[in-house]
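Dear colleague,

I am passing on to you the structure we spoke about, and below it you will find an account of what came out of the analysis. Please read the text with the structure open beside it.

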Amino acid sequence: MLSPESEVLERHLALFENKNILFFGYIKDHFAESIRKNSQSVAVFSSYFDYANQYDKAEFGLLCENTADLAVFYWTKNKQECQFQLFQWLFNAPIGQEMLIIGENRSGVRSVEKMLEPFGDIAKIDSARRCGLYHFALHTQPEFNYQTFWKSYRLQSLNVFALPAVFSSAELDSGSQLLLSTFDKADRLKGKVLDLGCGAGVIGGFLKQQFPKIKLTMSDVHAMAIESSKRTLAENELEGQVVASDVFSHIPERFDLIVSNPPFHDGVDTAYQVVESLILQAKQHLNKGGELRIVANAFLPYPDLLDQAFGSHTLLAKSNKFKVYSARA
């Protein structure tokens, strides 16, 4: 099934004929396959591991270094992330480089006009499915300084570093704050700990600082989150492994604690599926007596899932918006 963005691109198949094509940005389908037979070559690059893990022809990473006659960029709702990805790629592109930018109007794709106008000719060439399709030709390469995109803040003695679109990138969110409040130094936490959906590395980094004896693993699907967590660990001189994984797809081992502030606002249906997989599979990744501890929006039906997977659960803390749940294997 094609996304609305790809349905618009499908109206312009002639643009892809006999060219080397690169797809990158926030891709959600396999439209690239449909043009492969009429193009010279097709490359797909994604900074989202859940997509790359399902589509084996996609390359996963933070910095895209592929070249192409025509690039196709899928806009995401985070403007700064789009700027990072577009400027990073165009900084190395030749003058005259052609690019298509496609995105939903509600995600703010219109702002690409102002973003790219100083660097070349940009024009809307189609509008359908509540999406806008733009053509861009590069005249002047934009400057790209990787370091200017970093944000940082301090959580007690922990210095947190984050790239655009990473959860908790500007400040500690109230859900994570409530989750962390349930850990006490008297707990004497030890053993193997997994921070699933680590974002900027706040939860895992804080626990490693408070409980130095734990063996920490952190994971996320977003390349920017993975890079952010790695830097948060490095800047605080903390040991830990950071891996790309779609929930447990690339995490084979078992842990004494799995802790998570899972997504619940990136498309409710999609986010719920992620958390459902997390809860239902967690027991298989816990040692005997191991614990799953998560924070969730209070209105979401996670207690039923926890009882289904573990038989019971405990409510550790709650606020007006969030609840912290614990379940043991």
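Helix 4 (residues 79–90) lies across strand 1 (20–25), strand 4 (70–74), strand 5 and strand 7, and its direction makes about 150 degrees with that of strand 1. Please keep in mind throughout that this is a predicted model.

The strands under helix 4 bring me to the sheet itself. Seven strands form an open sheet with mixed pairing, and their order is 3-2-1-4-5-7-6. Strand 3 (58–60) and strand 6 (120–128) stand at the edges, and because each has a single partner strand, one side of each is left without a neighbour in the sheet. From one strand to the next, the twist averages 20 degrees. Within this sheet, strand 5 (residues 98–104) and strand 7 (residues 131–138) run antiparallel and are joined by seven bridges; Glu104, for instance, has Cys131 in strand 7 as its bridge partner.

There is also a sheet with the strand order 12-11-10-13-14-16-15, again described as seven strands in an open arrangement with mixed pairing. Here strand 12 (241–244) and strand 15 (314–318) take the edge positions with a single partner strand each, so that one side of each has no neighbour in the sheet. The twist from one strand to the next averages 20 degrees. Strand 10 pairs with strand 11 (residues 215–220) in the parallel sense over five bridges, and in strand 11 Met218 is the bridge partner of Asp195. Helix 8 (residues 223–235) lies across strand 11 and strand 12, running at about 180 degrees to strand 12, whereas helix 10 (residues 302–310) packs on the sheet by touching strand 14 and strand 16 (322–328), with a direction that makes about 5 degrees with that of strand 16.

One residue of strand 10 deserves a closer look. Leu196 belongs to strand 10 (residues 192–196), and because its relative accessibility is 4%, under the 20% limit, Leu196 counts as buried. Leaving aside residues up to four places away in sequence, Leu196 touches Ser219, Val247, Phe248, Ile251, Ile258, Val259, Ser260, Asn261 and Leu278. The C-alpha atom of Leu196 is separated by 32 Å from that of Asn105, a residue 91 places away along the chain.

Which helix is largely enclosed by the rest of the structure? Helix 7 (residues 202–210) is, because seven of its nine residues are buried; these are Val202, Ile203, Gly204, Gly205, Phe206, Leu207 and Lys208.

Turning to the empty space inside the model, three cavities of 30 Å³ or more were counted, and the largest cavity holds about 90 Å³ of space. Its lining is made up of Phe167, Ser168, Asp173, Ser176, Asp195, Gly197, Cys198, Gly199, Ala200, Val202, Ile203 and Asn261. By class, this lining has five nonpolar, five polar and two charged residues. Several names recur here: Asp195 lines the largest cavity and is the bridge partner of Met218, Val202 and Ile203 are among the buried residues of helix 7, and Asn261 is one of the residues that Leu196 touches.

As for the pockets, the second largest has a volume of about 180 Å³. It is lined by 14 residues, of which Leu189, Asp256, Leu257, Glu291 and Arg328 are the closest to its centre. Strand 13 (255–260) and strand 14 (286–297) each supply at least two residues of the lining, and strand 14 gives the largest share, six residues. By class, the lining of the second largest pocket has three nonpolar, three polar and eight charged residues.

Finally, two backbone positions are worth checking by eye. Gln156, although not a glycine, has a positive phi of about 55 degrees; Gln156 sits in the loop between strand 8 (151–155) and strand 9 (158–162), and because its relative accessibility is 58%, over the 50% limit, Gln156 counts as exposed. Ala165, likewise a residue other than glycine, has a positive phi near 70 degrees. Ala165 lies in the loop between strand 9 and helix 6 (174–181), and with a relative accessible area of 32% Ala165 is partly exposed.

With best wishes

Definitions and conventions
Residues are numbered from 1 along each chain as its sequence is written. This is a predicted model: local features need pLDDT of at least 70, side-chain atom pairs count only at pLDDT 80 or more; totals for chains, interfaces and linings use all residues. Side-chain values use heavy atoms; hydrogens and water are left out. On a 1 Å grid over the protein atoms alone, a cavity is a set of points where a 1.4 Å probe fits but cannot get out, and a pocket is an open set with protein on both sides within 12 Å along at least five of seven lines; lining residues have an atom within 4 Å of a point. Grid points are joined across faces, edges and corners, and a volume is the space filled by probe spheres set on the points. Ala, Val, Leu, Ile, Met, Phe, Trp, Tyr, Cys and Pro count as nonpolar, Asp, Glu, Lys and Arg as charged, and the others, Gly among them, as polar. Buried means under 20% relative accessible area, exposed over 50%, partly exposed in between (1.4 Å probe, protein chains only). Helices (H or I, at least four residues) and strands (E, at least two) are DSSP runs, numbered from the N terminus. Two strands pair if DSSP finds at least two bridges between them. Axes are lines fitted to C-alpha atoms, for helices over the stretch in contact, and angles run from 0 to 180 degrees between N-to-C directions. Contact means heavy atoms within 4.5 Å.
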